[in-house]
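Q: I am new to this structure and would like a close look at just one part of it, the packing of nonpolar residues. Please start with the background I need, and then show me how that part sits among the rest.

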Amino acid sequence: MSFCSYSGEFTRNMFTAVENQFITKYLPQANGDAVRVYLYGLYLCQCEADFDAESVAKLLKLPVSRLTEIFGFWEDCDLVHVLSREPLFVQYLPVNAAVGKPKPIRPEKYGEFNREFYKQLQKAGKDFKPYEIQKILEFLENNPMEQQAFLLVSDYCVKKDGEKLTASHILNKAAKLCKEHKYTYEQVEQELADFRFQEREMAHLFQLLGIYRKPQDGDYEYLSKWTGAGMELKAVYACAESLKKGTLSTLDSLAGELLEKGIRAERDAREYLARREELTSAVFAVARKLGVKVQNPRPYADEYLEKWLERGYEPESLTLLASVGLKLGYGFAEMDSLLDELYAEGIVESGGVKEYCAARDGQLKLLQQIQSVCGVVKKTQSALDMIAAWRNWKFSDRMIMEAAKRSANASAPIPYMNKLLSEWKRLEISSPEQIPERAAPERNDYRKEAAIAADSRTERERHYAELRRAALEKAEKAVALAERDEEYRTSSAALRRGEIELAKAEIFSPENLPAIRESVAAAKRAQAAALKRMNLTEQDLQPVFSCKRCSDTGFLPDGRMCDCFRG
């Protein structure tokens, strides 16, 4: 005996811990006397007082023989080990202990169950192996689910799976119900009724989404998630109809989007989805006209299209404006600024937008003519606004082009044109024939020597840039044509890989050089054959410059200026 112990008062205030597995697995199978005996014995394990079997039986008002029988029952459950029956001495085991003799399964306990279960198997044309039947009986021994409740589960699986029925599916379904604390016939019956209803719902969703497989247990978690968040089932159907084709994951993303916005009813969902579809279509239409690639339309719809449409702009008007924006190199942000300006000016209705776009197109055409004369003129909205101002001054395109010709050598053609036209406006000159020499501003006054020299350099650079651009564009078109051919792309890729492998082999594995060289040669032959079929040559893929000496740069290799510009 230990040299110290608890006092009686201390012992009375202590607690007796009962493992949860005892409550969930064993308590539902035991009667009241068995539970009383187990708990009192568990209490005595930590009590200092000496108790024998007769004392305990007297306290519990049970015969000693009944007490021994009950501990025999708990021994069959692997919860105790009866070390001696006369006198009775019992050792308690952990609920999840792996010691003790295996728990026997009494055949008479499952006689009626086995008969009903085999009838179900006959309906499905199945014959489970003895070890599969053993697993099912062990499940019933170790879980508090009623036998009739388990038969409901197996009957459901038989009707659902037919010839594909497996013992593991039945056990998995029953185990899931046990985790949800559904053990009785009534609880399981209600759960399966709800599940069958969900099957119809899920089958309809699969049909709307174009999914051609049977729903699995994990699929129903999505449905529970949506309806559990308060979304009406018909609102979920509306989301699936909007997607037309997809997966439960994509449907979950869309349903989550509606839930974030507080949309749960069918009517609200359909209104939101119709608006969403309108915004998405408008985003892609505008993006196509702008030449902008859009993968996810939602950010563009939220930031731009929703605001534009709320202001009253029609989708057709937006695509017209986007066509103009393409010519100016606009993206969504620049187009948003343009629409802010138009909205401030009251240009919203489709007629006004058409007039604006027609005017801009006319200004762009005139700007192109100015560029052909003056060269270095950027295509900007400010340049177009300048042209619009000149037309508001009642100048004809002929007069504007006359100003362009006189500004051709200016370092800043547009400002110089504006100076000329403003002077002609002051003098009320409306045709080129009316222009006196004195009406033109002195160019020397407008441009200093440094500016004239800069203009000369600019003109030279523009000349060579135009030549190089033409040569490069021609080569790029040939390359683009070749790249559209599958055989050319494949052989080119093989050639690039081969050249890399050749470089590595020269250093690390010279023995592989002959084979690699042969593969490179084969790729070159395939590439040449593909080009020949397209009436192209290797030279067509490289830029052909008009001047072989300077390659249209204006400078020779030794740094001197090439005389091809003067020639």
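A: Here is a short orientation, followed by the core itself and then some other places in the chain.

This is a predicted model, so local features need pLDDT of at least 70 and side-chain atom pairs count only at pLDDT 80 or more, while totals for chains, interfaces and linings use all residues. Residues are numbered from 1 along each chain as its sequence is written, and side-chain values use heavy atoms, with hydrogens and water left out.

The predictor's confidence in each residue is the pLDDT, on a scale from 0 to 100. Its mean over the protein chain is 81, and 88% of the residues reach 70 or more. Please read two stretches with care: residues 98-102 have pLDDT below 50, with six contacts in the model beyond near neighbours in sequence, and residues 442-447 are also below 50, with 13 such contacts. A contact here is a pair of heavy atoms within 4.5 Å.

The protein chain holds 25 helices and two strands. These elements are DSSP runs numbered from the N terminus (helices: H or I, at least four residues; strands: E, at least two). Of the 567 residues, 39% are buried, where buried is under 20% relative accessible area, exposed is over 50% and partly exposed is in between, using a 1.4 Å probe and protein chains only. Among contacts with a separation of 6 or more, 63% join residues 24 or more positions apart.

Now to the core. A nonpolar core is a set of buried Ala, Val, Leu, Ile, Met, Phe, Trp, Tyr and Cys residues joined through side-chain atoms within 4.5 Å. The largest one has 54 residues, and L305, W308, L318, F332, M335, I370 and W424 have the most contacts inside it. A run of helices supplies at least two residues each: α14, α15 (298-310), α16 (315-327), α17 (332-344), α18 (350-374), α19 (381-392), α20 (397-406) and α21 (413-426). The biggest giver is α18, with eight residues. As background, nonpolar side chains tend to be buried together in soluble globular proteins.

What does L305 touch, not counting residues up to four places away in sequence? Its partners are L279, A282, V283, Y300, L318 and F332. You can follow F332 onward to A287, a residue of helix α14 (residues 266-290). A287 touches F332 as well as V292 and V294, again leaving out residues up to four places away. The C-alpha atoms of A287 and F332 are 8.0 Å apart, although 45 residues separate the two along the chain. A287 counts as buried because its relative accessibility is 3%.

Apart from this core lies another, of 30 residues, with F117, L137, L152 and L177 among them.

For comparison, look at helix α13 (residues 248-260). Its 13 residues reach 18 Å from first C-alpha to last, close to the expected 18 Å at 1.5 Å a residue; the expected span is 1.5 Å times one less than the number of residues. Its buried residues are L248, L251, D252, L254, A255, E257, L258 and L259. After α13 comes G262, with a positive phi near 75°.

Helix α5 (residues 64-76) also has 13 residues, and its reach of 19 Å is close to the expected 18 Å. L67, T68, I70, F71, G72, W74, E75 and D76 are its buried residues, and their cover includes α2 (20-26), α3 (32-44), α4 (53-59), β1 and β2. Strands β1 (residues 80-85) and β2 (residues 88-92) run antiparallel, joined by five bridges; strands pair if DSSP finds at least two bridges between them. With two residues between them, β1 and β2 form a hairpin, in which V82 has V90 of β2 as its bridge partner.

Polar residues can be buried too: Q527, in helix α25 (residues 513-533), counts as buried because its relative accessibility is 9%. Beyond four places in sequence, Q527 is in contact with Y488, S491, S492, L495 and E538.

Finally, the whole structure has zero disulfides, a disulfide being a pair of cysteine sulfur atoms within 2.5 Å. C562 is one case: its closest cysteine sulfur, in C564, is 3.5 Å away and therefore too far for a bond.
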